[in-house]
Amino acid sequence: MDELISHATLKLESARQYIEVLPLEAEAARDFCIVPYLLAVRTVHTLNRNRDRLLTPDPVKVSRSEVLAILTHVPECNRSNDYLHFVSRRALAEPLFMCA
């Protein structure tokens, strides 16, 4: 499991770097990438915190409230790579993804 989480985290880092090279003016393209990226970041966090449930029939999901909280950050992430980086770190580290 550690290898899987580590591999996914590296891939997410590459995805963030890709988003950061997209021009800030390319809002639609950035939105298209930022939303699934942030959901993937939070999914990795959720899987990491629920390792015991990974191979059970119980699904490991990002909660609806977390999805809504993540979506509130997309407009600012679209305007600032620094904010995207900040939100990414929080989504991987916080026990509950809170609005800034």
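## Helices in a predicted model

Helices are DSSP runs of H or I with at least four residues, numbered from the N terminus. The model described here is predicted. R79 is found in one such helix, α3. Helix α3 covers residues 64-79. Helix α1 spans residues 2-21, and helix α4 spans residues 81-93. Helix α2 runs over residues 27-49.

## α1 against α2

Start with the pair α1 and α2. Their axes lie 10 Å apart, at a packing angle of about 160°. Angles over 145 degrees count as roughly antiparallel. α1 is therefore roughly antiparallel to α2. The crossing of α1 past α2 is left-handed.

On the α1 side, the contact uses I5, A8, T9, L12, A15, R16, Y18, I19 and E20. On the α2 side, R30, C33, I34, Y37, A40, V41, V44, L47 and N48 meet them. By class, this contact has 13 nonpolar residues, 2 polar ones and 3 charged ones.

## α1 against α4

α1 also packs on α4. The angle is about 160°, and the axes are 10 Å apart. These two helices are therefore roughly antiparallel to each other. Here α1 makes a right-handed crossing.

From α1, the contact takes T9, R16, I19 and E20. From α4, it takes N81, L84, H85, S88 and L92. The classes are 3 nonpolar, 4 polar and 2 charged residues.

## α3 against α4

α3 and α4 have axes 5 Å apart and pack at an angle of about 140°. α3 is therefore oblique to α4.

H73, E76, C77 and R79 of α3 make the contact with N81, Y83, L84 and V87 of α4. These residues divide into 4 nonpolar, 2 polar and 2 charged.

## The largest nonpolar core

The largest nonpolar core has 17 residues. Within the core, I19, I34, Y37, L38, C77 and L84 touch the most other members. Four helices each give two or more residues to this core: α1, α2, α3 and α4. The largest share comes from α2, with 6 residues.

Several of these core residues have already appeared in the helix contacts. I19 of α1 takes part in the contact with α4, and I19 also takes part in the contact with α2. L84 of α4 is in the contact with α1 and in the contact with α3. C77 of α3 is in the contact with α4. I34 and Y37 of α2 are in the contact with α1.

Which residues does Y37 touch, leaving out those up to four places away in sequence? They are L12, A15, R16, I19, L84 and S88. Among them, L12, A15, R16 and I19 are α1 residues in the contact with α2. L84 and S88 are α4 residues in the contact with α1.

## Two residues outside the core list

Is R79 buried or exposed? Its relative accessibility is 55%, so R79 counts as exposed. R79 and C33 are 46 residues apart in sequence. In space, their C-alpha atoms are 13 Å apart.

N48 lies in helix α2. N48 is partly exposed, with a relative accessible area of 33%. N48 and D2 are 46 residues apart along the chain, and 8.5 Å separates their C-alpha atoms. N48 is also one of the α2 residues that meet α1.

Methods. Residues are numbered from 1 along each chain as its sequence is written. This is a predicted model: local features need pLDDT of at least 70, side-chain atom pairs count only at pLDDT 80 or more; totals for chains, interfaces and linings use all residues. Side-chain values use heavy atoms; hydrogens and water are left out. Axes are lines fitted to C-alpha atoms, for helices over the stretch in contact, and angles run from 0 to 180 degrees between N-to-C directions. Angles under 35 degrees count as roughly parallel, over 145 as roughly antiparallel, 65 to 115 as roughly perpendicular and the rest as oblique. A crossing is left-handed if the near helix is turned anticlockwise from the far one by less than a right angle, and right-handed if clockwise. Contact means heavy atoms within 4.5 Å. Ala, Val, Leu, Ile, Met, Phe, Trp, Tyr, Cys and Pro count as nonpolar, Asp, Glu, Lys and Arg as charged, and the others, Gly among them, as polar. A nonpolar core is a set of buried Ala, Val, Leu, Ile, Met, Phe, Trp, Tyr and Cys residues joined through side-chain atoms within 4.5 Å. Buried means under 20% relative accessible area, exposed over 50%, partly exposed in between (1.4 Å probe, protein chains only).
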